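These are my notebook entries on a structure that I had not examined before. I record what I looked up, entry by entry.

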Amino acid sequence: MQVSDDRVLITGRLDSDEINVGGSKVSAGVVRGVLAGHPAVAWARVTGRRAPVLGRMVVAEVVLAPSSVDTDEAALVRWCADRLPEHAVPRRIRVLTDIPVKETLKSDV
């Protein structure tokens, strides 16, 4: 919290960006950035999913660039494993054909 010009501004991290994986914190934005850095990825969304032992696990959805149809989930997981701590590597990566949109015609990301 901070005070500016007689106004109180509530500041803090976005709850939706942080995923608690077995007590370790993972930033969905960091994982999304790593996935987006892959040459075959045109779009990515990273979230947490309930897991029985860990509490939550990192999962992702990606849309591949049109010229990258031969890239698979295993290749993307290896890409992430080379760049992220073990607890931050997505356990499931779902490849979508299009960027999902809401009723407002906006993406979730």
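**Entry 1: a residue in a loop**

Between which helix and which strand does the loop with alanine 40 lie? I found alanine 40 in the loop between helix 1 (28–36) and strand 5. I note at the outset that the model is predicted.

I then asked whether alanine 40 is buried or exposed. Its relative accessible area is 4%, and a residue counts as buried under 20%, so alanine 40 is buried.

Next I listed what alanine 40 touches. With neighbours within four places in sequence left aside, its contacts are Val63, Leu64, Ala65, Ser68 and Thr71. For one of these, threonine 71, I looked up the C-alpha separation from alanine 40: it is 6.9 Å, although the two residues are 31 apart along the chain.

**Entry 2: the chain as a whole**

I turned to the overall arrangement. The chain has two helices and seven strands, and their order along the sequence is β-β-β-β-α-β-β-α-β. The chain has 109 residues, of which 33% count as buried. I also looked up how far its contacts reach: of those between residues at least 6 apart in sequence, 53% join residues at least 24 apart. The exposed area of the chain is about 7,500 Å², and 51% of that comes from carbon and sulfur atoms.

**Entry 3: salt bridges**

How many salt bridges does the structure hold? I recorded three.

One is between the side chains of arginine 45 and glutamate 61, at 2.5 Å from N to O. This pair links distant parts of the chain, since arginine 45 is in strand 5 (residues 41–51) and glutamate 61 is in strand 6 (residues 55–64), 16 residues apart. Both arginine 45 and glutamate 61 are buried; for glutamate 61 I noted a relative accessible area of 16%.

Glutamate 61 also forms a salt bridge with arginine 94, and here the closest N and O atoms are 2.9 Å apart. Arginine 94 belongs to strand 7 (residues 92–96) and glutamate 61 to strand 6, with their positions 33 residues apart in a pair that again links distant parts of the chain.

A further salt bridge joins the side chains of arginine 91 and glutamate 86, at 2.6 Å from N to O. I checked the accessibility of both partners. Arginine 91 is partly exposed, at 33% relative accessible area, whereas glutamate 86 counts as exposed, at 57%. Through shared partners, salt bridges join Arg45, Glu61 and Arg94 into one network.

**Entry 4: a hairpin**

I next examined strand 3 (residues 18–21). Its covered face carries Ile19 and Val21, while Glu18 and Asn20 make up the uncovered one. Strand 3 pairs with strand 4 (residues 24–27) in the antiparallel sense, over four bridges. Which residue of strand 4 is the bridge partner of isoleucine 19? I identified valine 26. The two strands form a hairpin with two residues between them, and in the turn glycine 22 has a positive phi of about 55 degrees.

**Entry 5: aromatic rings**

Lastly, I looked for aromatic pairs, and the count came to zero. I did find a charge over a ring: the charged end of arginine 83 sits over the ring of tryptophan 79, 3.3 Å from the ring centre.

Note on methods
Residues are numbered from 1 along each chain as its sequence is written. This is a predicted model: local features need pLDDT of at least 70, side-chain atom pairs count only at pLDDT 80 or more; totals for chains, interfaces and linings use all residues. Side-chain values use heavy atoms; hydrogens and water are left out. Buried means under 20% relative accessible area, exposed over 50%, partly exposed in between (1.4 Å probe, protein chains only). Contact means heavy atoms within 4.5 Å. Accessible areas come from the Shrake-Rupley method with a 1.4 Å probe; for residues, only the protein chains shown count as cover. A salt bridge is a side-chain nitrogen of Lys or Arg within 4 Å of a carboxyl oxygen of Asp or Glu. Two strands pair if DSSP finds at least two bridges between them. Rings of Phe, Tyr and Trp (its six-membered ring) pair if their centres lie within 6.5 Å; planes under 30 degrees apart count as stacked, over 60 as edge-to-face and the rest as tilted. A charge sits over a ring if NZ of Lys or CZ of Arg is within 6 Å of the ring centre and within 35 degrees of the ring normal.
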